[in-house]
Amino acid sequence: MQKSAWMSYGEKQVQQLETIAAQYKVFLNDGKTERECVTQTVQMAEKAGYVDLQEILSGKKPLQDKIYTTLMGKTIALFHLGETSLEQGMQIVAAHIDSPRLDLKQHPLYEERGMAYFDTHYYGGIKKYQWVTLPLTMHGVVVKKDGTSVEIKIGEQKDEPVIGVTDLLVHLAGEQLDKKAAKVVEGEALDLLVGNRPLAGEEKEAVKKQVLHLLKERYDIEEDDFISAEIEVVPAGKARDCGLDRSMIMAYGHDDRVCAFAGLLAILQVERPQKTVCCLLVDKEEIGSVGATGMKSRFFENAVAELMELTGNYSELKLRRCLSNSKMLSTDVSSAFDPTYAHAFDKNNVAYLSCGMVMKKFTGSRGKSGANDANAEYIASLRNVMDEAGVIWQTAELGKVDYGGGGTISYIAARYGMEVIDCGVPVLNMHAPWEIISKADLYEAVKGYHAFLTME
Ligand code: MN
Ligand code: MN
């Protein structure tokens with residue numbers, strides 16, 4: 001039986017833990033999309049003395065040891081150059097900052113019987129029935145033909161309206177309730193109710209026109225501008241303490257912003273690294289790490305190539321050596337044991353809430369398919385590092401064999417020939433609108449990632 005991390009804390013540790021938890025809740029509240037997470041990360045990095053790579057490349061700022069670089073506002077890498085040459089490899093913590101949600105379609109707005117809706121296409125793996133009858137909010141950007149970008153964020157302030165997806169009243173749901181859970185609410189039923197009041201003086205589609213009128217007034221956008229928009233619909237409301245004992249946090253987007261935030265705090269605490277340390281926060285993990293801002297993009301290796309060139313040490317071979325000599329923690333969440341659904345977990349090989357940071361040798365499904373499967377030698381060295389640093393940690397797999405599975409970015413980084421292991425925070429009801437983590441596990445992850453970044 002794993003021991004609760006809380007048992008080992010004195011007053012000082014609890015204080016540190018609560019400080020981190022409070023900072024994390026702010027990060028979540030201001031970071032409900034990958035773009036918002038990058039914006040915040042840039043602010044935190046610059047405050048800690050990091051400089052934008054572009055400013056160095058353009059000669060505006062001199063080369064220095066703390067550098068960050070972003071791509072398309074949706075992915076970011078922080079580097080803190082160490083004593084040893086890049087060729088000898090880096091210590092990398094890498095998380096993803098996209099989370100499951102509903103995205104607006106390119107022609108979202110329609111009216112039906114005096115009700116206006118936004119049509120959506122869900123993003124990532126969700127149980128669709130969980131996304132109805134909840135207050136939801138829109139975050140994102142609309143880019144107009146002239147290139148100007150309008151930021152949209154509505155539904156988070158107390159006096160702002162929310163939107164939502166309706167569900168059939170239980171009184172008439174006999175047939176619906178006989179359906180399989182995957183079909184109870186179908187993808188095309190995830191449309192958002194956004195209006196019910198006609199625009200004065202209009203006859204046809206007057207409710208839709210009223211919505212367009214409001215959008216024009218508030219944001220100066222037209223219906224066609226949704227064609228070049230990225231509007232993400234997410235649960236409205238703030239991250240909150242959970243449990244009468246306030247031991248947990250309930251919030252949208254723990255997967256994987258909890259590991260992103262822990263990695264970020266850890267790298268910002270590193271003072272003078274031996275090896276170069278890196279915190280990489282990527283987009284698109286929830287849809288297969290595709291696209292220019294996903295882990296399968298060349299963004300990361302291009303950034304490392306730029307760094308090598310700047311430090312006067314670039315060649316294709318040296319870049320490859322740097323990547324293959326690097327070590328990574330693929331910092332992504334894992335499932336936490338849920339006693340209500342005990343049948344889905346192997347009790348000896350699952351993560352328990354509040355029992356610390358969790359290392360996963362492999363992910364994948366059906367016979368480890370798609371897994372990275374970390375090396376025994378690497379895990380042994382990490383066991384040593386974590387125990388020396390007094391980090392409370394556990395090992396796990398997602399659930400029982402053949403019950404399902406999941407992936408992370410670890411197998412993609414492993415293609416460089418580097419050592420990679422999945423190492424994160426346990427989460428309850430992962431991918432639900434509101435997920436739960438333990439403050440203790442967040443605290444241990446920050447400690448663990450710091451120990452990793454500064455290991456010899
Ligand atoms: Mn994840
Ligand atoms: Mn996920």
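Which strands does helix α8 (residues 299-310) lie across? In this predicted model, helix α8 lies across β2 (66-71), β3, β4 and β13, and its direction is at about 35° to β3.

## The open sheet

The strands named above belong to an open sheet of nine strands with mixed pairing, ordered β1-β2-β3-β13-β4-β14-β20-β16-β18. The edge positions are taken by β1 (51-52) and β18 (393-395); each has a single partner strand, so one side of each lacks a neighbour in the sheet.

Within the sheet, β16 (residues 357-360) pairs with β20 (residues 419-424) in the antiparallel sense, over three bridges. Met359 has Cys423 in β20 as its bridge partner. Helix α7 also packs on the sheet, where it touches β3 (75-80), β4 (90-96), β13 (276-282) and β20. The direction of α7 makes about 150° with that of β4.

## Helices α2 and α7

Helix α2 (residues 34-47) packs with α7 at an angle of about 15°, and the two axes are 11 Å apart. The two helices are therefore roughly parallel to each other, since angles under 35 degrees count as such. Their crossing is right-handed.

On the α2 side, the residues in contact are Glu34, Cys37, Thr41, Met44 and Ala45. They meet Arg257, Phe261, Leu264, Leu265 and Leu268 in α7.

## The manganese site

The manganese ion (ligand 2) has protein donors from Asp255 (OD), from Glu286 (OE), which appears twice, and from His431 (NE2). These donors lie 2.1 to 2.6 Å from the ion. The spacing of the donor residues in sequence is D-x30-E-x144-H. Asp255 coordinates both this ion and the manganese ion (ligand 1), and the two ions are 3.3 Å apart.

Asp255 is part of helix α7 (residues 254-269), whereas His431 sits in the loop between β21 (426-427) and β22 (435-438); the pair therefore ties together parts that are 176 residues apart in sequence. Are these two residues buried or exposed? Both Asp255 and His431 are buried.

## Strands β11, β12 and β22

Strand β22, which follows the loop holding His431, is joined to β12 by four bridges, and the two run antiparallel. One of the bridge pairs is Ala251 with Glu435 in β22.

Strand β12 (residues 248-251) is also joined to β11 (residues 240-242), through three bridges and again in the antiparallel sense. Here the bridge partner of Cys242 is Met248 in β12. Strands β11 and β12 form a hairpin with five residues between them. Gly243, in the turn, has a positive phi of about 95°.

Technical notes:
Residues numbered from 1 in each chain as written. Chains lettered and ligands numbered in written order. Predicted model: local features only at pLDDT ≥ 70, side-chain atom pairs only at ≥ 80, totals over all residues. Heavy atoms only, no water. Donors = N, O, S within 2.8 Å, 3.2 Å for Na, K, Ca; no water. Buried < 20%, exposed > 50% of the residue type's maximum accessible area, 1.4 Å probe, protein only. Pairing = 2+ DSSP bridges. Contact = heavy atoms within 4.5 Å. Axes fitted to C-alpha atoms, helices over the stretch in contact; angles between N-to-C directions. Parallel < 35°, antiparallel > 145°, perpendicular 65-115°, else oblique. Left-handed = near helix turned anticlockwise from the far one by under 90°.
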